Amino acid sequence: EIGGPLPLRMLSTSEKMEHAEWEKEFVQQQQHGGTDVSPLLPRYQVEVVDAVKHDPLLLSVSTFFPCPETSTCTIGFYEPCHIRYRRCIPGLRKQHVELFAMPSKA
């Protein structure tokens with residue numbers, strides 16, 4: 001059922017580094033092979049536990065084709081108001097969504 005609470009697990013610093021490898025590769029491609037790239041790590045990052053059973057997007061996708069049990073979803077919280085969702089469906093695709101929240105009042 002879509003709309004319930006998400007079971008989340010906080011990632012350690014080493015896990016955050018591991019999940020940031022895609023960003024490092026992307027920046028290196030943009031810089032035409034630059035090697036001195038360090039990815040920006042989120043202040044907090046969680047993974048959705050059993051994402052294929054709980055993440056709303058993966059639940060929706062799985063109605064059209066089966067998603068492997070190893071599919072993942074992570075959510076990173078960056079300072080000051082930036083949220084990044086990263087989903088990976090092994091063998092099919094990776095998806096990246098960024099939200100930039102703009103406070104309307106101080």
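Author: Helices (H or I, at least four residues) and strands (E, at least two) are DSSP runs, numbered from the N terminus. This is a predicted model, where local features need pLDDT of at least 70, side-chain atom pairs count only at pLDDT 80 or more, and totals for chains, interfaces and linings use all residues. Residues are numbered from 1 along each chain as its sequence is written, and side-chain values use heavy atoms, with hydrogens and water left out.

Reader: Thanks! Where does Arg 86 lie, and is Arg 86 buried or exposed?

Author: Arg 86 lies in strand β4. Buried means under 20% relative accessible area, exposed over 50%, and partly exposed in between (1.4 Å probe, protein chains only). Because its relative accessible area is 17%, Arg 86 counts as buried.

Reader: Which residue in β4 is the bridge partner of Thr 74?

Author: Two strands pair if DSSP finds at least two bridges between them. Strand β3 (residues 72-78) and strand β4 (residues 82-89) do so in the antiparallel sense, over 7 bridges, and they form a hairpin with 3 residues between them. Arg 86 also touches Thr 74, among other residues beyond four places away in sequence (contact means heavy atoms within 4.5 Å). The bridge partner of Thr 74 is Arg 86.

Reader: Which peptide bond is cis?

Author: Look at the loop between β3 and β4, where Pro 80 is found. With omega at about -5°, the cis bond joins Glu 79 and Pro 80.

Reader: And which residue takes a positive phi in the hairpin of β4 and β5?

Author: β4 and β5 pair in the antiparallel sense over 8 bridges, one of which has Cys 88 and Lys 94 as partners. The hairpin has 3 residues between the strands, and the one with phi near 80° is Gly 91.

Reader: Which residue other than glycine has a positive phi?

Author: Try the loop between β2 and α3. The residue there is partly exposed, because its relative accessibility is 45%. With phi near 50°, this is Asp 50.

Reader: Which residues are joined into one network by salt bridges that share partners?

Author: A salt bridge is a side-chain nitrogen of Lys or Arg within 4 Å of a carboxyl oxygen of Asp or Glu, and the structure holds 5. Arg 84 and Glu 98 meet in one of them, at 3.5 Å from N to O; this pair links β4 and β5, 14 residues apart. Elsewhere, Arg 9 meets Glu 15 at 2.9 Å and Glu 47 at 2.8 Å. The network is made of Arg 9, Glu 15 and Glu 47.

Reader: How many residues make up the largest nonpolar core?

Author: A nonpolar core is a set of buried Ala, Val, Leu, Ile, Met, Phe, Trp, Tyr and Cys residues joined through side-chain atoms within 4.5 Å. Val 46, Val 52, Leu 58 and Ile 75 are among the members of the largest one. The elements giving two or more residues to this core are β2 (44-48), α3 (51-54), α4 (56-61) and β3. The residues in this core number 10.

Reader: Last one: is Leu 99 buried, partly exposed or exposed?

Author: Leu 99 has its place in strand β5 (residues 93-100). Leaving aside neighbours within four places in sequence, its contacts are Cys 81, His 82, Ile 83 and Tyr 85. Its relative accessibility is 39%, so Leu 99 counts as partly exposed.
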